Amino acid sequence: MLADIDIAARAWPEAHRVLADGDAYGLPTKHCSLFARGYAPVFPLQRVSAYATPFNILHKSADEITALKNARLTLVYLGLESGSDVILKKIVKGSSKQMEAALRHARETALKVSATVILGLGGTMHWRAHAEETASLVNRQPPTYLSTLQLVLDPALIDRFLERYGEPFHPQNDRAVLEELRVMIENLAPPSPVIFRSNHASNALPLAGTLPKDRNKLLTQIDQALSGYRALRPELLRGL
């Protein structure tokens, strides 16, 4: 592991942020601490972060999370995906209670969380519940950051997705996704500031703001896009 870090340091000597992929937060704490501390001597580090599942977060004690923060692993990326139990069950991502418990545990231990939501995941049948219940979950346990991805089904995985979904799935077009996003933001009123972004390349409409302060501004920008006064990102420029 440390040898790999040395190789990376020679290839990217100016790197100041490190993101450990593959649900790395699920590793034993001593291993997480080892790789997190291993970057400091060879990189001009500002932050070490890792991908995590709600179960990874819940399985770490407060002392373990503190130890990892002391090793500069201060942020985790959590695939929240949805606050709807119906949708979470369809995509085999646990339950909203588990997501909420993980966010609460992170908040109580001052672990920063960047949570992602997938727009369009409810299709034409469940889009409103997806938007409203996701907003409700975020309002109950706000993460530090909240961002959106727009559903793009890999052709190689469509059959598997449809099989697990358990009912006919009709995807949302861009306009419908914007309506979904509008409902979600309209219902977002977190008790503490949440930095919101929809700047991932999959999104039709890039947005940025802090909720709830910028909610009206974001809604206005969505309305402008729905009315044709704000351009959407061309499909050829979108990607995963």
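Good morning. I begin with D23, which lies in the loop between β1 (17-20) and α2 (29-39). Please keep in mind that the model before you is a predicted one. The phi of D23 is near 55 degrees, a positive value in a residue other than glycine. As background, most residues other than glycine have a negative phi, and most peptide bonds are trans. As for accessibility, D23 is partly exposed, with a relative accessible area of 37%.

A second residue belongs beside D23 in this account. E81 is not a glycine, yet its phi is positive as well, at about 65 degrees. E81 sits in strand β3, which covers residues 73-81. Is E81 buried or exposed? Its relative accessibility is 11%, and E81 therefore counts as buried, the limit being under 20%.

From E81 we can pass directly to T116, since the two are in contact. T116 has its place in strand β4, residues 112-119. Setting aside residues up to four places away in sequence, T116 touches L78, G79, L80, E81 and S147. T116 is buried too, and its relative accessible area is 17%.

Let me now step back to the chain as a whole. How many helices and strands does the protein chain have? There are ten helices and seven strands. The chain has 240 residues, and buried residues make up 46% of them. About 12,100 Å² of the protein chain is exposed, and carbon and sulfur atoms supply 54% of that area. Consider next the contacts between residues at least 6 apart in sequence: 79% of these join residues at least 24 apart.

One pair of residues illustrates such a separation. H126 and I87 stand 39 residues apart in sequence, while their C-alpha atoms are 8.0 Å apart in space. H126 lies in helix α7. With neighbours within four places in sequence left aside, H126 is in contact with V86, I87, K90, Y165 and E167. H126 counts as buried, at 17% relative accessibility.

Helix α7 leads us to the packing of helices. Two packed helices are described by the angle between their axes and the distance between the axes. I shall take two pairs, and helix α9 takes part in both.

The first pair is α7, residues 123-140, with α9, residues 174-187; they pack at an angle of about 30 degrees, and their axes are 8 Å apart. Because angles under 35 degrees count as roughly parallel, α7 is roughly parallel to α9. The crossing of α7 and α9 is right-handed. Which residues meet here? On the α7 side they are W127, R128, H130, A131, E132, T134, A135 and N139, and on the α9 side E179, E180, V183, M184 and N187. Sorted by class, this contact of α7 with α9 has five nonpolar, four polar and four charged residues.

The second pair is α9 with α10. Their axes come within 10 Å and cross at roughly 165 degrees. An angle over 145 degrees counts as roughly antiparallel, so α9 is roughly antiparallel to α10. The crossing in this pair, α9 with α10, is left-handed. Helix α9 contributes R175, L178, E179, L181, R182, I185 and E186 to the contact, and helix α10 contributes R215, L218, L219, I222, D223, A225 and L226. By class, the residues of the contact of α9 with α10 divide into eight nonpolar, no polar and six charged. E179 of α9 is named in the contact with α7 and again in the contact with α10.

Let us remain with α10 for a moment. Q221 lies in this helix, which spans residues 215-226. Is Q221 buried or exposed? Q221 has a relative accessible area of 16%, and it is therefore buried. Apart from neighbours within four places in sequence, Q221 is in contact with L205, L207 and R230.

My final point concerns the stretch leading into α10. P212 is found in the loop between β7 (208-211) and α10. What kind of peptide bond joins L211 and P212? The bond is cis, with omega at about 5 degrees. I would suggest viewing this bond beside the two positive phi values, that of D23 and that of E81. Thank you for your attention.

Note on methods. Residues numbered from 1 in each chain as written. Predicted model: local features only at pLDDT ≥ 70, side-chain atom pairs only at ≥ 80, totals over all residues. Heavy atoms only, no water. Axes fitted to C-alpha atoms, helices over the stretch in contact; angles between N-to-C directions. Helix = DSSP H or I, 4+ residues; strand = E, 2+ residues; numbered from the N terminus. Parallel < 35°, antiparallel > 145°, perpendicular 65-115°, else oblique. Left-handed = near helix turned anticlockwise from the far one by under 90°. Contact = heavy atoms within 4.5 Å. Nonpolar A, V, L, I, M, F, W, Y, C, P; charged D, E, K, R; others polar. Buried < 20%, exposed > 50% of the residue type's maximum accessible area, 1.4 Å probe, protein only. Areas by Shrake-Rupley, 256 points an atom, 1.4 Å probe, with all protein chains shown as cover.
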